[in-house]
Structures are given as structure tokens and as C-alpha cells.
Amino acid sequence: MMAAAGAPEVISQLESAAKVLMAPPSMVSTEQRQHAEHIFLSFRKSKSPFAVCKHILETSKVDYVLFQAATAIMEAVVREWVLLEKNSIESLRTFLLTYVLQRPNLQKYVREQILLAVAVIVKRGSLDKSINCKSIFHEVSQLISSGNPTVQTLACSILTALLSEFSSSNKTSNIGLSMEFHGSCKRVFQEDDLRQIFVLTMEVLQEFSRRENLNAQMSSVFQRYLALANQVLSWNFLPPNLGRHYIAMFEATQNVMLKPPESWREALLDHRVMDLFFTVHRKIREDSDMAQDSLQCLAQLASMHGPIFPDESAQVTYLAHLVEGLLTMINGIEIEDSEAVGISNIISNLITTFPRSVLTAIPSELFSSFINCLTLLTCSFGRSAALEEVLDKDDMVYMEAYDKLLESWLTLVQEDEHFPRGCFVQPAVQVFNSYIQCHLAAPDGTRNLTANGVASHEEEEINELQEDDRELFSDQLASIGMLGRIAAEHCIPLLTSLLEDRVTRLHGQLQRHQQHLMAASDPDSVDRKVLDDLYEDIHWLILVSGYLLADDPQGETPLIPSEVMEYSIKHTTEVDINTTLQILGSPGEKATSIPGCNRTDSVIRLLSAVLRTSEVESRATRASLIELLSPQMGKDIVWFLRRWAKTYLLVDEKLYSQISMPLSTAFGVDTEGAQWIVGYLLEKVINNLSVWSSEPELANDTVELLVTLVEKRERANIVVQCENWWNLAKQFASRSPPLHLLSSPIQRTLMKALVLGGFANMDSDTKQQYWAEVLHPLQQRFLNLINQENFAQICQEEAVKQEIVATLEALCGIAEATQIDNVGSLFSFLMDFLSSCIGLMEVYQNAPETVNLIIEVFVEVAHKQICYLGETKSMKLYEVCLTLLQVYSKNNLGRKRLDVAAEEDQYQDLLLIMELLTNLLSKEFIDFSDTDEVFRGQEQSSGAGRSVSAADVVLFGVNIVLPLMSQDLLKFPSLCNQYYKLITFICEIFPEKIPQLPEELFKSLMFSLELGMTSMSSEISQLCLEALSPLAEQCAKTQEKDTPLFIATRHFLKLVFDMLVLQKHNTEMTVAAGEALYTLVCLHQAEYSELVETLLSSQRDAVIYQRLADAFNTLTATSTPPTMDRKQKVAFLKSLEEFVANVGGLLCVK
Amino acid sequence: MADPDLDFTSGDAGASVTYPQQCSALRKNGFVVLKGRPCKIVEMSTSKTGKHGHAKVHLVGIDMFTNKKYEDICPSTHNMDVPNIKRNDFQLVDINEGFLSLMMDNGDVREDLRVPEGDLGKEIESKHSAGEDIMVTVLSAMGEEAAVGIKAFTK
């Protein structure tokens, strides 16, 4: 034990080390610095450093050394807790507190560290009730009542430290205890002590709020207590009975809502509490830091819910008081920038938290004042947010506040049936108008205008990583779209007239440019400013229209929003259906030039406006004005049309209780309108694909529109009746320009769409003809090529290579088109190719980029189809994959490349192979083949002749991958993850195959596991630990000793044992390691006892020896003799947690 | 069976050492000519000037022979030259004064390729003097050739 006698030497050693650490970098060498760091590290690990630390604290003048002494005490107390006498802990705590009290001039970081040590002691003590926590509150309240600002600050620091420690959040120190321990400490604390802290805090705030003039020192104390109040109100109250895993999840939640237990009623459900925070805010609102805290306190109060309210009327009273206070606060002031987010948080919290029934139960005048205030605030924040964008500010506070408020509107109006009818219409009109205004150019709007009305127009570089506005602002747009539906009467006609106007102007502008170009023929002479303004206007109008008219739910059939449907129905009697159809069917004409144009269905009219935009664009491309067009607008148009088509095209009347006549007449099943529009959309797609191949995003949106048109059978049925569709198919199949200019991902998706279309309803002749034109040319060209005698000689010629690459790409696209009802025919078609692809592997063994693509085809087929395949078909796929891997392996054996791309190419091959193996394995988890009838009748019961299993392919694959997996390659994170996922899967699914592996393969697999466990990220380490249990269970099952696997598991026992007992690790890992340890112990009981004995015998300290021996006894006592039994395992895991908590720290000490 | 639609007349007359391709249709891991050199594309990204601007493609390539890095940025509608890349394995017959003697498929021996510098060259030499039969992979592009790899003799 380090005695106090040696203290002076220790101190001087530490002080000189501190000097080194504090010295400027130029003055000391790296070695000196490392040496100094090492001195502190080993000092903190020294055994029972309490006496020497006390001595240091009392004598040393070096702050950094004081800091380290406090840290050493904190760490040692936790580490040696079980060895320490209770009263010596108690006196240590008193010493630390007194120490701080007597030294008001301590450096802040030293003081905080000492208080942290106190808090840790209090918390650790609360577990065994050895420390009386109450006394500390008594001491603190005395400090507060002293009236001395310095002492009050100190009291606040103590409370803050306690709060951080008990919150069991990421602020809590890591003291090596389980989440369960942290959880139960927290529960005890929040019932009583936390409330006491809150009451103390409120007293201080009350006191300060009454004072007239606060000096700087006072106001800093005030600020600290305000922050403390915020911390209490933001406390994440842990509900009773929450399991360990949930605790971790629960603690990770952000934006905590205030949900105190019933015991807090008296302290919190008091109007004076809320009033106090309003008063406080009024007093300090010009100080932006403090204002943030006071507004956050109010926001937390606005989120209060749960058992604290005795009944609903208490909630109503509370809410009414809150809303009154809020309105008084907002109406009396001009909001500061720093208040915007806080105020919007209060509003958003109260709207999210309080049930609709409570919101509507407050006095109706108060409610409508609140809605008015919210409306004005939203519009004003929206305008300020637009200004922020113009000024390109880093800190977009108004944007954040605006987002919050729009989100609140969405919450409100989504359940508007609870509120008085129509009460949101006027507010919706106002918010909608202001949004549109902010997004349109002058003179209609204010886009890009600074506060004093100056236009700013900058062209910035936008890279592909930047999200499109429709995603970037999707939340805002969803809210605005929803408000637009609420006020459909106003908003739909508004959007229509604005869009029609812009389109007419765009048309005129383009015509002028064309004339100008014909005269001057210099495209650079065109001023794009006017055009760009129009494009930007149209961009936003289309986005808002898209979000207003339709939703885009993932995986569900989107419905026409009920508000839109009702709006259309309501005006049916005033509508002339023929004129409506005429407007719809003549996108090339100006809408207002059609007689009777004011008697049209407004919903259809808005779609027509977008079609008119589309038509202007298409005509401009035909007039060779592509240079002048905006690809962004092109994207917007096809994005809108896709969203629209999913919802409105072939509207299914069965899904609606009532349906609008104009909508069903125009777009219903078996209508001319639907046929016409499908034809129009198809024409648009074809035009876009041929003129916009150079714009990848636009081409992608376009081809996605095409997929939407054919992925549903009903739509596809109409599509395949169009001549254009057949032309497109033929054109693509013949690989003639311009479609072959499209980038490869687009070509794949196009292929996918063409295949999907082939499953539409056609008579059998037509169907045969279709496939003859789409798929068969692909096959024919391919076969002709590879069956040429001199194929091996010409294979590297560019034309041949391109043909091969195009075929492989197309195969990926075909695989992507797999659906449950077409997998039968697609599988057979693809299988023929897969065999030929293996031949290609031979021919192209020198062209890594082609090899890579070939493997990708296999990956795609396995990925999309394996889950649907029955036994015989799976077998076929396994076999062909196995052959692929064999050929790959043979070709790469003894091959060495040293060119630039060698490593990258190999990395990609391996990644794909592992993906392939993982896809094949996934059959073990996801298998739809038993329930479907895809192959019924074709499938013979062939289980007996089973030749290849997934395990064989996968293990063979691993055999290839393993020798190539150098440690360098494992540095690619995605490769490393995929690799370990794969080998863990294998151990879990086929543990019985592991002992049969060839020796070399077995060895490298075991080495990989060890490497992953010991020197990779914790995620990987966990994966490897998970692989161990099934392996040990496998050994137990066979009962053979001295097999290589048996010996290997013995080695792993030691590794896991050391890992758990001797090394620091996180708690998540304890679970995985614990499970592995348990099965390993069952298997090797004698070796385990030996390990324990060796460890014990190395302990020279009798006390530690005894503690350890006891701990080991309790650990295994509950499960003697250990067997592979779930109940015993669970018991073991539970005692392991305690074991780690009690002695884990002891053994980490050097 | 050369596709009649593909145009090979541009570039050098006769042998098609390069062919044109629209910039947007290039692919990562594919090839392109940058600053007159045959390169493997290691990075490819797009950008535009202003929200309503047209796409430009940013390419980073590595010279297949010298390992030098080249970059280029161009409108995505432009055509870029793509080099025709070939890799062939030849049996190593002998090494003479720093030159490889390689047996072609038709039985002729060519002796115009240098032993590559660095590790690969050393490995070729040591395997050769140890009497091992090896194949040498020769990369050719735009009229330039170099030995870039080896493979155990299997045929």
C-alpha cells in the first residue's frame, strides 16, 4: 500500500509530470509527454490511494495534480468498494465536501471533479444503503440559505453533480455497473431526492425573481439555478418495471417529455410554479443564454402529462393557465431571434402532449386567440426563415422554429374532427398563402428578397449529394400540403392559376429565346435570369401541388385525400364534364382559351396545369431548346406525375365511401381518360429517356415513373395496349440509340419495367410476341456471340465487350423485376444465362470489371429469387453458384496483379461473393416457398436425391474468401462487417458442418474468430462472441473429446474468461460474452476450475483473495454442475452481472 | 459479330484504340482517356451550377501504366474517349538483358517487353530462375503495353 510517508516523493513526481503535460508542445518531446501521461495513469490505478490523495489535496499547489488526485479517489472508491469500511467511505465523503467548502478559490475544474467524486460515492452508496443520502441535502440547503453567492454557487454545483450522476444518461460516469443498477438508483432518487432538489431550486428562483437589481455575481448564481431547474424539468422519469434493454433504449431518447409520478403533484401542479417561470423569463429575456433555459423550462412544463394529473379537469385548468400565460407573454413583446425556437417548442409540446378533448375544453375564446396567435407566429417565422436563407446564415433559428410550428399544425389538423367545424380553414389559408408568397419571385412573392427589398441571386455549385428540395423540405411540404387540403376551396384554384400563368409566361419566354437564337445563334447571349425565376416558381408550385393532391406512403396503396375528394364532389353540380375533359386532353393549348374553362373540376384542372408545363417542356426539346430548359423542372414534372398516377390513375371505387363523378369519369377503370393519360405519360417517358440521358437524376425519376405505370397489373394492362410501349421495348432490345446512352443503373431499371410489363394481361399470342420482342433478342444476341468459334479471340474487342456488358446489365434488371407471381418464368429464363455466365468467367478471367459484373448477376438473382424457390430450384441455384465460385477460385489461384486497380478490384469481388453467400444463407431465415403455389406441379419431391445444400456452397465460398481476406482488406469497414456477419451466420446455422471442414480452412476460421474477438470493433467482437455458443453446443452434442473444435473451444474459454474478468468492456458486451462463457464452462468444467485457481493463486493480498474466491463461488454456486439448460443459463448470466460489478474493477488494477 | 450500330471510325484509323461515349454513360471502375492517357475511373460524381443548371461530370482517373492521378470536369452531354483495354496472359520463356521473352498464342515469341520495375519484376525474375513455369499478364491500351501481373502456368 502506498503510505503517506512516501507522499512527498509521489507529489514531486506528479508535479513535475504535470509541468510536462502543461508545457507548450514545442518545449517537450512526445516521449516526455507520454511518460508523464503514464505516470498519472499508473497513479490512478494504484491500490488504496486515499491517504496519499488526501495529502496531495492538502499540500499540493498544482491544480492539475489536485484534479488527478480527485479522479484517483473516485476511481479507487468504486474499484475497492467491497474492501472498504463503511465509515471510512463516509469520512472520505465528508472530507471532500469540507475541503471544497473551505477553499472557495479552487479552480472550477478541480472543484467540479471533487464534487463528481462526492456524487459518485453517494450513488454507489445508495445501492447498499450504507451512505445516508439525506444528510447531504440538509447540508446543501444550509449552504443555500447562507445568502453568500459563492457558497450558493457551490451548492448548485453539488446538486448538478448529483443530478448528472443519477440521471443514468450519457452524463453519468462509467463505474462498471449494470444498467439495472443505474436504473434502480435512479428510481429511488427521482421519487424523493430529485423533488427535494426541485423545491430548493424553486425557492432560490423565487428569491431572485423578487429582487430589483441583480449585480453580475448574483445574476450568475441565478443563471446556474435556472439551468438546474431546466435539468430537473428535463428529467427522463424512469417508469417502474422497465427491463434492462428498454432502459438503455429509454435513456437514449432525446426530447424528453415531462412525466413525473403522482408524488410530484404538490410540487409541480401549482400555478405559482408556471407563473414563476413566466416571470423569470420576462425578467431575463434579453440575455439570450438565460432565455433559452427559461423557455426550455416552460416547454417542459408544456409537455407535462401522466399520473400527476388527478383527472381531466385538472389538465384543462392547467392547460388554460399555460395558454393564457403564453399569449400574454407573446402579445406583449417583440420576439427576439433567440426566443423563436424556445417559443415554438412550448407550442409544439403542448399540442403534441395534451389530448384533443382537453384542447377543446379550454374556454373557446382562449382557444381561438391561441389559434390566431399561432397563425401569425407561423407566418412571421416563415418570412424570417426565408430571410435567413437569402442571407445564407449558418444558424437557421427561424427555420427551425418554423419547422416546429408547421409540424404542430400537422398534428392539429390531422385530427380536425375533434375541433369546431371549419375552425382551421382561415388559418390554413393564411399559412398557405404566406408559404407560397415566400417561394415565388417578385412581384407576386418575396423570394430572394432581403429585408429592404433587394433581390439577391447567386448561382452556387450543387453537388449530387445535396438532397432535392422535395426531400430536404419534405416535412414542411407535407404540412403545407395538408393545410392546402383543409383550405382546398382556396388553395387548389390558387395553385392552378399561378401555375397556368407561369406556364404561359414560360412558353412565351422560350419562344422569344428561340427567335433570338435563330437571329443571333449564340446561346450564351441568352439572359437566363427570367427563365430561372420562372423555373424556380414552377418548381415550388409543382412540389406543393404534389404534396397537396397525394401522399406517398411506402408499401401501401395511397388513397385520394378525403378533403380533396369532398371538395371535388361538392362542386360536381357546377362542373361541365366535357369541358373538363377537353382541358385535360389538350395540354398544348392555353387553358383559359378554351370556352367554358371556368366550369371545370378544379382537381383535374390542377393536374392539367402540370401537364401543360410538361407539354411546354416536351415541345421545347423538340425545338432543340434543351440547353435552355431546367432539368430540375423536368424532375419535378415526372416526380409529380408519378405521385399523382399512384393515387388517381384507375381510381378504385371500392376503396372509397363516396367518389367524385368527374374524377371517376376522367381516370376510372375502363375510361377513355385513363387510356389517354397512360398514353400521354408513356410518350413523356420515352421523350425524356431520349433527350435527357445526360441528366442521371431526371432519367432516374423518369424511369421510376415507368416502373410505377407497370408494377400494378391494372395499370400495366393499359400500358401494353399502347403502341409506344412496344416501340420502346423493341428499341431497347435492339440497343439502338438513344436509349443506349443511358447510364447503367437507368438501363437496368428500364429492363425491369419492360419485364414487369410482360406480365400484364394479354392474349397468349400477344404475350408470346411480346416476349419474343423483349427477352428473346437478348438471349439470341448473346448466344450468337458466345457460340462463335473465335469468341475467345475476339472477346476483348470493344464491340463484343459492350455487348456482353449490356447483356449482364440487362440480366440484373430482369432479376430486379422478380415478383412472387412471375418468379417461375423469370427463374427458368435466368438460369439458362447463369450457366453461360460461368463460361464467360473463363473467357474474361483477365477482365476484372467483367468478372465483377458477372458475380453481380448471381448476387442479384440470389437476392431477389431465393426466398421464393422450392427445393429443386434452390438446388439448381446452389449448384450454379458453387460452380461459379469454383471457377473464380481456379482462375485466381496463383494469380498476382500489381496494377493500380488490383486491390480495389479484389475488394469488390470479395464483397460481392460474400453478399452472394449471405443471400444464399438468407433462405434459412426468409422462405416463402412453402406457402406459395408458384411451383406447384412443377416441383417433384426430390429430397432424396439432394446433392448440394446451401451449407456446401457457403462453406466452399468461405474457403475461397478466407485465404484472400488479408488483414489489409479487413481495414475496409464494409468488407470487414460483411465478412464477420457471414462467419457468425455460418456458425449459428450450420454448427454441425464446422468440424468437417478441411484442416486449413478450420484453422483460419478459428483464427478469424479470435482476431475479431480481440482486435476489432466492439460490434464485430460481439458478433464473434455470438458465434461461440453454437460451436460449444455442437461439441457438447457430439461428446467427442480431442476433436480440433473441442480443443479450439478450450482456447476460447480462456480468451472469454480473460476478457470478462481482466479487461474493461462495455455492458452490452458482458451479455454476449456471458452467454459464450456459460456454454464454454459447461463444456470445459475442469479447465474452468483451473483458470479460477490460477487466477486466485496469483493474488498475494489476502483480502482480495478472499473477496475473489467468494465471488467465484457465488458465480458458479447457483449452477452446479452447469448444464446446457436455459434456466441455469439465465441464472448464471444474472450472477455474472453482479460478479463483474463487484470484482471486475478489482482485477483491472495493475 | 461487331454491332453494326457502333461507330468505330473515330479515333485512329484502322485499329480502334479508343471509342467515344457520352460522359454520363461512363461508369466507376470503367475506363476513360484523361489528358491523353488511358485511365481507370476511380471516382465519378455529378454537380450543377445553380438549381436549374445542367449536369456536369467530375472524373478522377488513374493512369493504367504510370499510376498518376488525373481529373477532369465536363458537361455530361459531352463525349469522352474510352480506351480499349486488353489483358492477355503469355507464357514466359526466357528473360534477356531486362527483356521478357513471351510466347504468343500462335507460337511466335516476342521479346519487346521490359521486365517491370519493382516487386513484380523481382518476382518474375526469381520465379524464372527457380525454373517455375509462369504466365505473364500483359496490359495494352492505346498502343502502350506493359507486364502487370503473373499467374501460375495452368494450360
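**Exercise 1. State how strand 2 of chain A pairs with strand 11 of chain B, and place this pairing in its sheet.**

Step 1. In this predicted model, strand 2 of chain A and strand 11 (residues 144-152) of chain B are antiparallel and share three bridges. Strands here are DSSP runs of E with at least two residues, helices are runs of H or I with at least four, and both are numbered from the N terminus. Two strands count as paired if DSSP finds at least two bridges between them.

Step 2. Lys896(A) has Ile150(B) as its bridge partner in strand 11 of chain B.

Step 3. The sheet is open, has six strands with antiparallel pairing, and follows the order 2(A)-11(B)-10(B)-7(B)-8(B)-9(B). Its edges are strand 2 of chain A and strand 9 (109-114) of chain B, each of which pairs on one side only. On average, neighbouring strands of this sheet are turned by 40° against each other, direction ignored; the axes are lines fitted to C-alpha atoms, and angles between N-to-C directions run from 0 to 180 degrees.

Conventions: residues are numbered from 1 along each chain as its sequence is written, chains are lettered from A and ligands numbered from 1 in the order in which they are written. Since the model is predicted, local features need pLDDT of at least 70 and side-chain atom pairs count only at pLDDT 80 or more, while totals for chains, interfaces and linings use all residues, and side-chain values use heavy atoms, with hydrogens and water left out.

**Exercise 2. Work through the pairings within chain B: how many bridges join strand 10 to strand 11?**

Step 1. Strand 10 of chain B is joined to strand 11 of chain B by eight bridges, in the antiparallel sense. Ser140(B) is partnered by Glu145(B) in strand 11 of chain B. The hairpin of these strands has two residues between them, and Met142(B) takes a positive phi near 50°.

Step 2. Strand 7 (residues 86-96) and strand 10 (residues 134-141) of chain B pair antiparallel over six bridges. One of the partners in strand 10 of chain B is Thr137(B), which bridges to Asp89(B).

Step 3. Strand 8 (residues 99-103) of chain B runs antiparallel to strand 9 of chain B, with four bridges. Leu100(B) is opposite Leu113(B) in strand 9 of chain B. These two strands form a hairpin with five residues between them, and Gly107(B) in the turn has a positive phi of about 95°.

**Exercise 3. Describe the contact between chain A and chain B.**

Step 1. Chain A contributes 64 residues and chain B 50 residues, contact being heavy atoms within 4.5 Å.

Step 2. About 4,500 Å² is buried between chain A and chain B, with 46% of this area from carbon and sulfur atoms. Buried area is the accessible area (1.4 Å probe) that two parts lose on being put together, summed over both.

Step 3. Nine salt bridges are counted between chain A and chain B; the rule asks for a side-chain nitrogen of Lys or Arg within 4 Å of a carboxyl oxygen of Asp or Glu. One of them links Glu849(A) to Arg87(B), with the closest N and O atoms 4.0 Å apart.

Step 4. Eight elements need not be listed in full: those giving two or more residues to the side of chain A that touches chain B include helix 25 (528-549), helix 41 (848-865) and helix 43 (902-921) of chain A. Helix 39 of chain A gives the largest share, seven residues.

Step 5. Strand 1 of chain A and strand 3 (residues 37-49) of chain B run antiparallel and are joined by three bridges. Asn463(A) is paired there with Ser47(B).

**Exercise 4. Locate the salt bridge of Glu803(A) and the backbone exceptions in chain A.**

Step 1. Glu803(A) forms a salt bridge with Arg735(A), the closest N and O atoms being 2.6 Å apart. Glu803(A) is in helix 39 of chain A, and Arg735(A) is 68 residues away in the loop between helix 34 (723-733) and helix 35 (744-757) of chain A.

Step 2. Most residues other than glycine have a negative phi, and most peptide bonds are trans. The peptide bond from Ala442(A) to Pro443(A) is cis, with omega near 10°. Pro443(A) is in the loop between helix 21 (425-439) and strand 1 of chain A.

Step 3. Ser624(A), not a glycine, has a positive phi of about 55°. Ser624(A) is in the loop between helix 28 (602-622) and helix 29 of chain A.
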